[in-house]
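Please look over the sequence and the fold below. A short briefing follows, grouped by topic.

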Amino acid sequence: MKVHFLTENALEALRVNLNGNFKHYADKSNEWIYSYFDEESPFVEYKQEFPEFKLSFDADNDVGKNDVKNTIVLYSAMKSLTDTQATDERLWSGMCHCDCWDFLQKRWKVKDYHDLSETKVRTRFFFGQNKKRSLITNSLSKLWWCGRLTYDEQRKDPFELTKYLIDDYATKMLIIFSNNYISNHDITVGLFSALKYLEDIGYKIKGKNHRDVYYEVTKYLNVLGGTYILDYFTSEELEQKIIKYMMSIKGASCTEQRYS
């Protein structure tokens, strides 16, 4: 399967003229893009070919379930990308405007332009913030990076940790993936392994909700990273350190006595 990226000039033209093109982002097709460029295609075939894949959105399922399903589909097909290639806005923005236009309309439930704002378009179709933040807000790059950082080939189901995100997908992504250390795959696997374990045993902190648990874990890793070089730890070592720390917090409890 061939996917398409935008040339640098085309990407910049669409970004600069977003205000004038804004209403077109509610169009059912992307034909307006070709008209905008005087019937010349702004898209170029990407040099790599990928296995056939199709992203879909089932309105009967919750958003988290849909996002996890599409993460698995996209990453399975495009995992041959290098990390450098997967930070290229031209690729993800190109696919958003071309190959996956129909998917984005369904994913964001766009009926007309009143369902949109310039900020939403800039964030979903482009890299609307700094590069690091944009990787988890762009509609397609966030799926790939979620797969990249949670895929663990050592497990019977390599996507076991990816599926952990089904509940509260957006919050887990924003809280956890915005930390500096998260680009390291081993750190991410250790982190999510610990969080999944804690969830499985019914871990709670008195007076706090489940999102506070995410914040507490990431806060601990940031403190740990100030003392040690986290890259030197294996995912298993980090998992154990996180669990031990979380169990030591005042008010912590669990419904199942299964400590590591």
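In which loop is D168 found? D168 sits in the loop between α10 (160-163) and α11 (169-176). Keep in mind that this is a predicted model. The points below cover backbone angles, buried residues, a helix, cysteines and a pocket.

**Two unusual backbone angles**

- Most residues other than glycine have a negative phi.
- D168 is not a glycine, yet its phi is positive, at about 70°.
- D168 is buried, with a relative accessible area of 17%.
- K109 also has a positive phi, near 50°, and is a residue other than glycine.
- The loop that holds K109 runs between α6 (101-107) and α7 (118-125).
- Is K109 buried or exposed? K109 is exposed, with a relative accessible area of 52%.

**Helix α4: N70 and V73**

- N70 belongs to helix α4, which spans residues 63-78.
- N70 has a relative accessible area of 1%, so it counts as buried, the cut-off being under 20%.
- Which residues does N70 touch, not counting those up to four places away in sequence? They are L55, S56, F103 and L143.
- With S56 there is a polar detail: a polar atom of the N70 side chain lies 2.7 Å from the backbone oxygen of S56.
- V73 is in helix α4 too.
- V73 is partly exposed, at 27% relative accessibility.
- V73 touches F53, K54 and L55, again leaving out residues up to four places away in sequence.
- V73 and K54 are 19 residues apart along the chain, and their C-alpha atoms are separated by 7.4 Å.

**Helix α2: N21**

- N21 lies in helix α2, made of residues 18-21.
- With 7% relative accessibility, N21 counts as buried.
- Beyond its neighbours within four places in sequence, N21 is in contact with L14, W32 and Y36.

**Helix α9: an enclosed helix**

- How many of the 10 residues of helix α9 are buried? The count is 10 of the 10, so this helix (residues 141-150) is largely enclosed by the rest of the structure.
- The buried residues of α9 include two tryptophans, W144 and W145.
- Charged side chains are on the list as well, among them K142 and R148.
- L143 is another buried residue of α9, and N70 touches L143.

**Cysteines without disulfides**

- A disulfide is a covalent bond between the sulfur atoms of two cysteines.
- A search of the whole structure finds zero disulfides.
- Why does C98 not form one? The closest cysteine sulfur, in C100, is 8.6 Å from the sulfur of C98, and that is too far for a bond.
- The cut-off for a disulfide is within 2.5 Å.
- C98 is buried, with a relative accessible area of 18%.
- C254 is buried as well, with a relative accessible area of 14%.

**The largest pocket**

- The largest pocket has a volume of about 220 Å³.
- It is lined by 14 residues, and the closest to its centre are L198, E199, Y203, H210 and V213.
- Which elements each supply at least two residues of the lining? They are α12 (185-200), β3 (204-205) and α13 (210-227).
- By class, the lining of the largest pocket holds seven nonpolar, three polar and four charged residues.

Note on methods:
Residues are numbered from 1 along each chain as its sequence is written. This is a predicted model: local features need pLDDT of at least 70, side-chain atom pairs count only at pLDDT 80 or more; totals for chains, interfaces and linings use all residues. Side-chain values use heavy atoms; hydrogens and water are left out. Buried means under 20% relative accessible area, exposed over 50%, partly exposed in between (1.4 Å probe, protein chains only). On a 1 Å grid over the protein atoms alone, a cavity is a set of points where a 1.4 Å probe fits but cannot get out, and a pocket is an open set with protein on both sides within 12 Å along at least five of seven lines; lining residues have an atom within 4 Å of a point. Grid points are joined across faces, edges and corners, and a volume is the space filled by probe spheres set on the points. Helices (H or I, at least four residues) and strands (E, at least two) are DSSP runs, numbered from the N terminus. Ala, Val, Leu, Ile, Met, Phe, Trp, Tyr, Cys and Pro count as nonpolar, Asp, Glu, Lys and Arg as charged, and the others, Gly among them, as polar. A polar contact is a pair of N or O atoms within 3.5 Å; within protein, one must be able to donate a hydrogen and the other to accept it, and residues adjacent in sequence count only if both atoms are side-chain atoms. Contact means heavy atoms within 4.5 Å.
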